[in-house]
Structures are given as C-alpha cells and as structure tokens.
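Dear colleague,

I am handing over the structure below, together with some notes on its aromatic rings and its ligand. Please read the notes with the model open beside them.

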Amino acid sequence: MRQLTRAPKYVALLASVMLTLLCFNTHAEDGYRMWLRYDAISNDQLKQQYRNQLQQLVVNDQSPTLSIAQAELTRGLSGLLSKQIPNHPSPNGAGNLIIGTPASSAAIAQLKLNDALTAVGPEGFIITRANVAGHQATIIAANNDTGVLYGAFHLLRLLQTNTDISNVALHSAPSVEHRVVNHWDNLNRIVERGYAGLSLWEWGNLPEYKNNPRYVDYARINASLGINGTVINNVNADARILTEPFLEKAAALAEVFRPYGIKLYLSVKFNSPMLLDDFDSADPLDPKVQKWWRERVKKVYQYIPDFGGFLVKANSEGQPGPQDFGRNHAEGANMLADALAPYNGLVFWRAFVYAPEQGDRFREAYDEFKPLDGKFRDNVIVQIKNGPIDFQPREPFSPLFGALQKTNIALELQVSQEYFGFSNHLAYQGPLFEEALDTDTYAQGAGSTIGKILAGKVFDYKHTGMAAVINPGTDRNWTGHTFVQSSWYAFGRLAWDVELSSVAIADEWTRMTFSNADSVRSPIADIMAISREAGVNYRMPLGLTHLYAQGHHYGPAPWHDTSGRPDWTAYYYHQADKDGIGYDRTASGSSAIEQYYPHWAKQFAKPETTPENLMLWFHHLPWSQPMNSGRSLWHELVHKYDTGIAQVRQMQSQWQSLENHIDPERFAQITAQLQVQLRDAIYWRDACISYFSSINGLALPKGSPAPAHPLQYYKAQESVRYVPDPWYPIPSGH
Ligand code: BDP
C-alpha cells in the first residue's frame, strides 16, 4: 500500500524535475544571460588552477551591495568551476578570496592598501594576490562597496576569459564619472527606436511587482560594466513622469537598482508646469515657474532620496524649451539645476538641437551652444551626440567637443541600431565608439582627444559623462539581435576605460558570450571587425549621410521626398545633381568647417586633405573626381556599395563555419538575420545606384551588376519595405 501511494508522488516529482530541466534547456541559449553566462570552464587544467586559488569566499560585512557581490561571486564561481564555493567570515587555510573595503574587512585593512586605494578613487578597485595568515589569497579591495561589486564582476570576467590570475595585480578606476544608459521608453511601454519588444518597465505592475527578476538582471548587466546611472524614460518626455503615481513606480525601480550602484534619472518635459498645473508659461526666469520646479524636485527626492537628476531635450524636434519664452539653453538648464542643486542632482541638457527652418543642420548645435560656454551651472552637463547630425553609421566628430571648455560635457552614443538596420543587421559598434573617443579635437594642441576630454584630462570640468541610448526590451535576449549586446558591452567598457581597444573588447565579449575556443573566436573576430564598415559601405559610402526613408530610418530613400513634408529629405543631405554630389561645408558652402580647430578646418577645406570616408560630408564634387583608388567618384561609390554587399557575404560564410561550434539556437537565429541583412544590403545598393544613375546619366562600372529593378520599384516600396517602428504607424493603404 505504502509503495503504491508513494509511487505517484515520486513520479510527479520526477516529472516536475524533468519539466524544469526541459524549461531550462529551452531557455539555455536564448541570449538572456548576455555576457554573464558562467558556464563551466572547459580547460580542465585551468579550472583546477582556479579551484585551488579560489577555494572559499571571505566576506565580513553584509551590506546590501556586498551581499550582491558575494552572491554574484558564489553564482559565477560555482558555474565556472563546477563546484560550490563556501563562504567564510574570516580567512580559513589556503585559497581564500577576500573581498571588501578596509572598513568592512579586517584582513583587507591589514594589507595597508591605503595609497593604492586612494589612487583608484571612490568607484575603483584593486584585484591582487597577497599573503594572508601564511597563505596566498586573492583580494578584491575598494574604497566602497560598489567598487567591490565592480571588482567582483571583473574577477569573474578574468575567469570567463580564461586569464591566468596567479600574479594578478590590477588597479582599475573609471575614466568617466557618469556612465549612464538612456532608455527612450514611453509610458505606454512602446520604445522609441527600440527594436527588441516592449519597454522593460512594467508600469502597470509597479510598484507592486518591483521584484520582477528582470529588473535585477538588468541591474546586474549594467553593474558588470560599471554603469552607474540610468535614464528610464524617453527624451521626448511625457510630463506625467513627474506625477506622484509615476514617481512611486520610478522609486520602486530606483530601490532595485540602488545596491548595484545605479542611480535613477528621469527625462522631463520643459513645459511641465503648463501641462501638469495649468501655468500659462514655463519661462525659466519667472519666479513662479522656478518655485514650481523647486517644489516638484523636492517631491522627487521624497520618493527617491538619491535621485540622479534630469535629462532634457529642449527646443529640438518640436520639444518645448526655454527659447519658446525668449530664453536661451543656459537659462533653461540653470533653472532646473538650481532646483536640483540642494540635493546634488544633475541636469543632462542635450545639445541635439535643430529646427527645419535653419540652414545647415550640421552647424546648429555649435552655433547655439558655443556662445553659452561658461554660462551653465556646475551641476549641468551638456550631452552631445558623437556627430553633428544624428548617429549615422559614420560621422565626423561634433565640433562642440573641444569647443565647450568651461561647460561640463557628456558624449552621447547610440547602441540601439536606429540607423544600422534595427535588430535585423549585425553591426558591432565598438569601432564607431572607439573612433569617436580617439578623435583628436586639437583643442589644446595635439593629444586633445575626445576620450581625454571626457576623462577630464584636457579641461577642468566639474563633471563628465558618457551616455548610450540602449533601448533594450522584453525580447528574451534583451536587444533583438545578439550582437547588439556587444555594442552595449563596448559602451560600458569604454566608459570605464576610454583607452580600451574595440578589438580587445570584442574578443572579451565573444569569450564571455560564446566561447573561448579559437574556432569560435576567430570567425567572430573577423565578423565584428568588418560589420560596422560593411554597414557604412552598403548605406552611405564616402561620407554620404542620411539617405533613409523618412520616419522609420530603416531602408533607403535617396530621392526627393514627394510627400511634401517640410523637413529634410535625402536630397538635402546628398545634394546630387547631374554634375556632382556632396554637401559643401567649406567657405563656398555653409562654412561649417570653421567650427573646427584649425588643424581640422584646414584639412576639411580641401578634398585632397579630407579623409575619403568623410569626403561627401564636406565637399560637393564632380562625379568624375578621381579618388585614391584611381577610380572616378561615381565608380568608387558603386565599388563601395558592392564592397558592402561582399562584406555581408563574408560575414555569412564566417558565420557558417560556426555551425556545431556554438549553440544551435543562436546559430540559427543569426544565420537568418544575416540573410535578411544581405537582402537589405542589396536593396540599399540597388535603390541608391538606380537613383544616382538616373541623376548623373552614367553607366555602372564594368562587372558591377545592374540593379534588379527599375527605380520606380524602389520608390514604390519605400513606405512598405521596413520593419515597422511602432512609433511610426504604418501608412494607411498598406
Ligand atoms: C533621432 C531619432 C528620434 C529621437 C532623436 C533624439 O530619430 O527618434 O527623438 O534622435 O535624439 O535620432 O532626440
């Protein structure tokens, strides 16, 4: 009898275990874990060495952040070493991993690391080996608990990338003070320029469901890179974010992020007093308006005591701003800064400004902000996109870098692939970010790179920052395309250390995300090395800009816009006519090059000294202009489009070599995505070439295939051939 009654229970238990395993397996390689996979190290010898070195974890204190560091190490090490690592309150025999601050750990205090710790600053960390009670121990030490957490993630990274830690002696400190991710999430959970599902923030369930495990994993992902701030809502802000119901929800998220060292920021609408409280003006110099903001800010801090501050898009693309009330950007930003100052809050004030009635869009940010240099409060940071237009696959650097010498600045990058084929195309943007950081502005002579400026080594800034628009969503893999994760990773690593190389970062990411095996690393390295350039080549070679279809920014529309919209069409950017192509920004054109320091202004003044990959940004040239290759400009353009397609094919064949070397799930998904990418690359090339040859009347170079369709076909397809961005409804009739 007993046996009989027990049997069903046993069967039920077995079934539930099987089910759990099955579920675990279905999710095994869906990309959810990003680079924090912690699968067992396959090199047995190395694994054994690590096991000897890291036998137990010693943590004294139990602050929330230290507990997180402890949990992450326990989880990571037990996965990587396939062995449970016990925790001890004090060193115990050989193989101790001791983590903490001099205040939290007696063992660390005794090591007298004070000078070294002072040098790494408040968020930095030290990972070293030291003799503790007669045994070699591994130490993660920092000045505060967040530094310890960063060190814990870094130690795990060393193991994940199979680095020998026997003689590790690493002192690491962030280059940039504020390392912030930006979400363009609307309050209805639609993400502007987001290609990975709905917003992560389940507003309808907050604050009740603040323990959503996804929020914790989000915080882990960011903390693993040292990201210390998040702006959770769209720059095209909804004023309601400052109402109590939303502040309560935001406060719940802030509570989850806090122990990971991540501060919460909000994007705000400049005319909020008018929208929320019926004011008839939002004039920043009006004492009533100032009082409104002071009171609202006070309320925000009641909900979120360590609130980071505001991000503001003002007088740009129809957003309200101080200019609506006859005031300038500094007056607008300072009013908010004054309200935030008592709480040490910051204002990130964006320099992405343009209005259709102005002349050369390239010039606008500089023309509006340069005269205001030195007029912003100390707690304002002007946030500048890397290029003067808008996150194009390649842009020259924004001349505001180096020009704002008395105003704190932040660099804004975009991880979300608005102009890189959404989550369909593979485009590792590490090289783009590196190119931006390594660019020398010559502001204080040679060596004034943007990276050094952001690291505070060129001007005496009070604050600096790096921000990236990441736009992840509810897709299991967070970013839609697995390789978009690599750009998120690269952003975080570069914000921590502006001097890292994008190639080294790509390898690190590959080892953590896929495998340490050469057979995997080598093809992925090749793919990542060419992917950005491929995207440039098949979309906008030689410095062409913004030939995207209006609105969605996915496919090409290089022709004149026929819808009669007043803003720019592709023609505005490429200026192609029967004689030539390109935007003249020299003295004979808009003179925008005068915004650069003489080193660049001189180089950009002449085609002979302008880098060819930026040529059409600065010059209007005849189609027959000879290029470095000896080809005419027209033939070179076609050659670049063809090269872009060849590069996608190359990525495909490299990817194919990974079959059976990586998990089948990601292999299959990326194989399909690369097919889409090839389809689109051909489409881009054919649409652009058809259009330009209809303008210049010139034949294609020998050997270059004719476009598959007549120009009319591409024009007709423009409004339908894209992955709809929910922000832009599909035009009626389609
Ligand atoms: C453009 C995007 C638009 C953003 C804007 C911005 O197309 O959706 O609102 O940038 O950065 O790239 O404010």
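The notes below take the ligand and its surroundings before the aromatic rings.

Please keep in mind throughout that this is a predicted model. Around the ligand there are 15 residues, of which Glu192, Lys313, Arg350, Asp390 and Glu418 come nearest, and by class this shell is made up of eight charged, five nonpolar and two polar residues. Oxygen atoms of the ligand take part in several polar contacts: one lies 2.6 Å from a side-chain N or O atom of Arg350, one lies 2.8 Å from such an atom of Arg193, and one lies 3.0 Å from a polar side-chain atom of Asn236. Of the 320 Å² of accessible area that the ligand has on its own, the protein covers 98%.

Turning to the rings, the structure holds 48 aromatic pairs. Trp35 and Trp488 form an edge-to-face pair, because their planes stand at 85° with the ring centres 6.2 Å apart. Since Trp35 lies in the loop between α1 (2-26) and α2 (44-53) while Trp488 belongs to helix α15 (residues 482-496), this pair ties together parts that are 453 residues apart in sequence; both Trp35 and Trp488 are buried. The rings of Phe369 and Phe376 also have their centres 6.2 Å apart, but their planes are at 10°, so this pair is stacked, and both of these residues are buried.

Two arginines lie over ring faces: Arg361 is 3.6 Å from the ring centre of Tyr354, and Arg214 is 4.1 Å from that of Trp478. Finally, one aromatic cluster is formed by Phe362, Phe397, Tyr442, Tyr596, Trp600, Phe604, Trp617 and Phe618.

Best regards

Terms used. Residues numbered from 1 in each chain as written. Predicted model: local features only at pLDDT ≥ 70, side-chain atom pairs only at ≥ 80, totals over all residues. Heavy atoms only, no water. Phe/Tyr/Trp six-rings, centres within 6.5 Å; stacked < 30°, edge-to-face > 60°. Helix = DSSP H or I, 4+ residues; strand = E, 2+ residues; numbered from the N terminus. Buried < 20%, exposed > 50% of the residue type's maximum accessible area, 1.4 Å probe, protein only. Lys NZ or Arg CZ within 6 Å of the ring centre and 35° of its normal. Near = heavy atom within 4 Å. Polar contact = N/O pair within 3.5 Å; in protein donor to acceptor, adjacent residues only side chain to side chain. Areas by Shrake-Rupley, 256 points an atom, 1.4 Å probe, with all protein chains shown as cover. Nonpolar A, V, L, I, M, F, W, Y, C, P; charged D, E, K, R; others polar.
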